[in-house]
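Trainee: I am new to this structure and would like to learn how to read it. Where should I begin?

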Amino acid sequence: MDIGQLIHTFFNNAGPGGVVVMLIFGAALTIYYFLTRWIIAGGKEDELAPLADQTTSVDK
Amino acid sequence: MHPKNQHEQTILAPLRRITGRDYLLWAVLLTLMLTGLGAWVWQYIQGLGITGMSRPVYWGVYITNFVFFIGLAHSGTFISAILRIAGQSWRAPLTRAAEAITLFSLPFGAGSIIIDMGHPERILNLILYGRFQSPIMWDVTAVGLYMLSSIVFFYLSLIPDIALCRDRLTEAPRWQQRMYKILALGWNDSPEQFRRLEKVLDGMAIFMTMLVVTVHTVVSWLFGMTVQPGWHTALIGPFFLLGAILSGSAAVVIVLAILRKTYHLEAVLHTGLFNSLRKLLITFVLGWLYMMIAEHLTIGYASMTEEMTVLNDKFSGAYSLIFWSMTIFVFFIPLLIFIFKGKNNIGWMVFASVLINIGMWMERYLVIIPSEASPRLFHEMGQGSYLPALPEVLITVACFAGLVFLYALFTRFFPIVPIWETAEELPGHAHAAASAPAPSPAGSD
């Protein structure tokens, strides 16, 4: 595979640029979505933590 | 348990009551925006021929506005992200006010490009036929990503305060309470949520800092990658960036002073903040002067014919009045004010900051118009001239009105000072004691 030719094709043809822009925006949106979910999920973990402690002490 | 902040009631007060003056302001701004919309429809139907632009001046005030608004947008990232990384805790009360400038000026910056296209549907061509050979693709990528990231950065740091509004503003209309409930995403002020939020914001601050440098450099490359006189210089990137941070920081001073006066936030937005911004602005003004001298001395010393035509136009020709006014507005008067009058005096600080922003708009105009009026292919394209036509003036006024409208609207529905970031105590968290500054006395700097 000729990498140089591939790069040349990417920069000199109409179309691939638009695809790359969409991919970048799509990737950013996905990352931000999961980061937001992760932050909010922190609240649920705090709620669950005392329950987990309680379960352990009962088993003992 | 919500964060404990002694100023909570003061910060929430503007959200509890919308006055008749607010409605009046919104009505005036909406009228200006609608007038601009009308002008844009008129331009859409008639074509760009009704503007002052004609061969060889293809970029007029729309591109001036584009560069100016994108520059203004750098204030938020600078104050919030860069100072966050630098561990400057005094920035906490003003982060949201600065970030809101970013958020609300970016749409008008990006929108100016679309207005300049004449037909907005042409933006689709960038997606369908985009090629990375073109600097406009670099621009679309960088500005688009910056806009998206700014929205997320702004929203994430707003979530704890939205949750606080949800629980505190129980007397607000139902739709408003519903809005808070949806936007709060079920935030419950747990220590783990705060820990994760700070972690993400710290990480994003680094990414945003890289983006802010990239965005304005790429904006400058729209000019720098051409061989037009005055544009084709490696210095154009840092020059644009420094100008952007200067005008953005000056805009923060103006906004803070208005918020402080209108919403009686004197205890939160104390004079010490303005003194800290004053020191930053002195540095930026001097940096900007250094760039100006380096840029013009290099061009003038080489004395290349095409470059000298543009330089002479600025120094002593058709644009000399704007050029020297710009220099006085951005450099001489503000520097004298900041050094001799600005300390502990918000009125003088605002005056200097207004001058800086007027001057920086002129600077953007001067970067674009003289180079286009005297192009490198002068013999083929001829001497150009440019004066903004009525639609351009109306649309420009509408863009500024839109920025103020969005800002004014936001401050009536969301806390403009971050309550959790300035809190004395966060739930199960030692963060606040380290990062939230106590109101410092006026002369503390």
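Mentor: Begin with the core of this predicted model. The largest nonpolar core holds 125 residues, and those with the most contacts inside it include B:Ile70, B:Ala97, B:Ile101, B:Val215 and B:Leu256.

Trainee: Which helix gives the most to this core?

Mentor: That is α10 of chain B, residues 236–262, with 15 residues.

Trainee: What does B:Ile101 touch, leaving out residues up to four places away in sequence?

Mentor: B:Ile101 touches B:Leu72, B:Ala73, B:Ser75 and B:Gly76, and also B:Gly248, B:Ala251, B:Val252 and B:Val255.

Trainee: Is B:Gly111 buried, partly exposed or exposed, and why?

Mentor: Count the other C-beta atoms within 10 Å; a residue is buried at 20 or more and exposed at 12 or fewer. B:Gly111 has 19, so this residue is partly exposed. B:Gly111 lies in α5 of chain B, residues 95–116. B:Asn65 is 46 residues away from B:Gly111 in sequence, while their C-alpha atoms are 9.5 Å apart.

Trainee: How do I check the length of a helix such as α7(B)?

Mentor: Compare the expected span with the distance between the end C-alpha atoms. The expected span is 1.5 Å times one less than the number of residues. For α7(B), with 34 residues, that gives 50 Å; the end C-alpha atoms are 48 Å apart, which agrees.

Trainee: Where is the kink in α7(B)?

Mentor: The kink lies at B:Ile159, shortly before the proline B:Pro160, and comes to about 45°.

Trainee: How many residues does each chain give to the contact?

Mentor: Chain B gives 29 residues and chain A gives 25 residues. On the side of chain B that touches chain A, the elements giving two or more residues are α6 (123–128), α7 (135–168) and α9 (191–224). Of these, α7(B) gives the most, with nine residues. Sorted by class, this side of chain B has 16 nonpolar, nine polar and four charged residues.

Trainee: What is the secondary structure of chain A?

Mentor: Chain A has two helices and zero strands. Of its 60 residues, 10% are buried.

Trainee: What are the confidence scores of the model?

Mentor: Look at the scores for the whole model, then at those along a chain. The model has an ipTM of 0.84 and a pTM of 0.88. In chain B the pLDDT averages 89, and 96% of the residues score at least 70. Residues 431–445 of chain B have a pLDDT below 50; this stretch makes 32 contacts in the model beyond near neighbours in sequence.

Notes: Residues are numbered from 1 along each chain as its sequence is written. Chains are lettered from A and ligands numbered from 1 in the order in which they are written. This is a predicted model: local features need pLDDT of at least 70, side-chain atom pairs count only at pLDDT 80 or more; totals for chains, interfaces and linings use all residues. Two residues are in contact if their C-beta atoms, placed from the backbone, lie within 7 Å. Helices (H or I, at least four residues) and strands (E, at least two) are DSSP runs, numbered from the N terminus. Ala, Val, Leu, Ile, Met, Phe, Trp, Tyr, Cys and Pro count as nonpolar, Asp, Glu, Lys and Arg as charged, and the others, Gly among them, as polar. The bend at a residue is the angle between axes fitted to the seven residues ending there and the seven starting there. A nonpolar core is a set of buried Ala, Val, Leu, Ile, Met, Phe, Trp, Tyr and Cys residues joined through C-beta atoms within 7 Å. pLDDT is the predictor's confidence in each residue, from 0 to 100.
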